[in-house]
Amino acid sequence: PFEEWGVQFAPPSDLGNLPGERKSIQVCQAQVQVFTSSFERCSSLGVIRNAVARVLMCFRKKSFSGGSLVDADSLRDAENILVIEEQSIWTPDEVKSRFRTLHPVWQNGMWVVGTRISHANPLTPDNLPQVLLPYGSPLTKRIMEECHTQPGHRGRDSTLARFRAKY
């Protein structure tokens, strides 16, 4: 439905009308909001990530044309948007009390695992700190499913190692 898109239209305004001429301007304002209930309806994390990445590319290009291919940067940004949306349920005090042993840090708009030594490198493949995810959220479940199915259903230890490499 059109009402759920988050697009608001301003009423048309008349600016300097000439006799017999009527000018109207419509202003459109969009607000991007990912609905967490859509995670439960999608079959995999890849479907959700690709959809958000396509919307991001449309906003960046300011056009809805350009094909269906998305680049790696858009996919990474889409995944970060999904994580930020899931972490929005937490308050800073709640994060610091719940994850105090992990020394949580607010970095790039999301909560990540802090390090005991500030100059130490994180142990992730991209040298980025591990991201905190809410327990039991639909996004966390989809990420776990992807970590299990992507390497070929290798089992519990492989799934946890793949998950903990980033989250």
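**Figure 1. Overall view of the predicted model of the protein chain****.** The protein chain exposes about 12100 Å², and carbon and sulfur atoms supply 54% of this surface. Of the 167 residues in the chain, 26% are buried. The model is predicted, not experimental. It contains six helices and four strands, and from the N terminus on these elements follow the order β-β-α-α-α-α-β-β-α-α. Among contacts with a separation of 6 or more, 44% join residues that lie 24 or more positions apart.

**Figure 2. Close-up of the packing between helix 2 and helix 3****.** Helix 3 comprises residues 72-87, and helix 2 comprises residues 45-61. The axes of the two helices are 8 Å apart and meet at an angle of about 110 degrees. Because angles of 65 to 115 degrees count as roughly perpendicular, helix 2 and helix 3 are described as roughly perpendicular to each other. The crossing of helix 2 with helix 3 is right-handed. On the side of helix 2, the contact is made by L45, I48, R49, N50, V52, A53, L56, M57 and R60. Helix 3 contributes S74, L75, D77, A78, E79, I81 and L82 to this contact.

**Figure 3. Close-up of the packing between helix 2 and helix 5****.** Here the helix axes are 9 Å apart, and the packing angle is about 115 degrees. Helix 2 is therefore roughly perpendicular to helix 5. The contact involves L45, G46 and R49 of helix 2, together with L139, R142, I143 and E146 of helix 5. L45 and R49 also belong to the contact that helix 2 makes with helix 3.

**Figure 4. Close-up of the crossing of helix 5 and helix 6****.** Helix 5 spans residues 138-149 and helix 6 spans residues 156-164. Their axes come within 8 Å and cross at roughly 120 degrees. This angle makes helix 5 oblique to helix 6, because the range for roughly perpendicular ends at 115 degrees. The crossing is right-handed. From helix 5, the residues in contact are T140, I143, M144, C147 and H148. Their counterparts in helix 6 are T159, L160, R162 and F163. I143 of helix 5 is also listed in the contact with helix 2.

**Figure 5. Close-up of M144 and T159 at the contact of helix 5 with helix 6****.** M144 is placed in helix 5, whereas T159 is found in helix 6. M144 has a relative accessibility of 27% and so counts as partly exposed. T159, at 9% relative accessibility, counts as buried, because the buried class covers values under 20%. Apart from neighbours within four places in sequence, M144 is in contact with T159, L160 and F163. The C-alpha atoms of M144 and F163 are separated by 6.5 Å, although these residues are 19 residues apart along the chain. With residues up to four places away in sequence not counted, T159 touches M144, C147 and H148.

**Figure 6. Close-up of the hairpin formed by strand 3 and strand 4****.** Strand 3 covers residues 104-107 and strand 4 covers residues 110-113. The two strands pair in the antiparallel sense over four bridges. Within this pairing, V112 in strand 4 is the bridge partner of V105. Two residues lie between the strands. N108, in the turn of the hairpin, has a positive phi of about 55 degrees.

**Figure 7. Close-up of H103 and N108, with their positive phi values****.** Most residues other than glycine have a negative phi. H103 is not a glycine, yet has a positive phi of about 50 degrees. This residue is found in the loop between helix 4 (92-98) and strand 3. With a relative accessibility of 43%, H103 counts as partly exposed. N108, also a residue other than glycine, has a positive phi near 55 degrees. The place of N108 is in the loop between strand 3 and strand 4. N108 is exposed, with a relative accessible area of 70%.

Conventions: Residues numbered from 1 in each chain as written. Predicted model: local features only at pLDDT ≥ 70, side-chain atom pairs only at ≥ 80, totals over all residues. Heavy atoms only, no water. Buried < 20%, exposed > 50% of the residue type's maximum accessible area, 1.4 Å probe, protein only. Contact = heavy atoms within 4.5 Å. Areas by Shrake-Rupley, 256 points an atom, 1.4 Å probe, with all protein chains shown as cover. Pairing = 2+ DSSP bridges. Axes fitted to C-alpha atoms, helices over the stretch in contact; angles between N-to-C directions. Parallel < 35°, antiparallel > 145°, perpendicular 65-115°, else oblique. Left-handed = near helix turned anticlockwise from the far one by under 90°.
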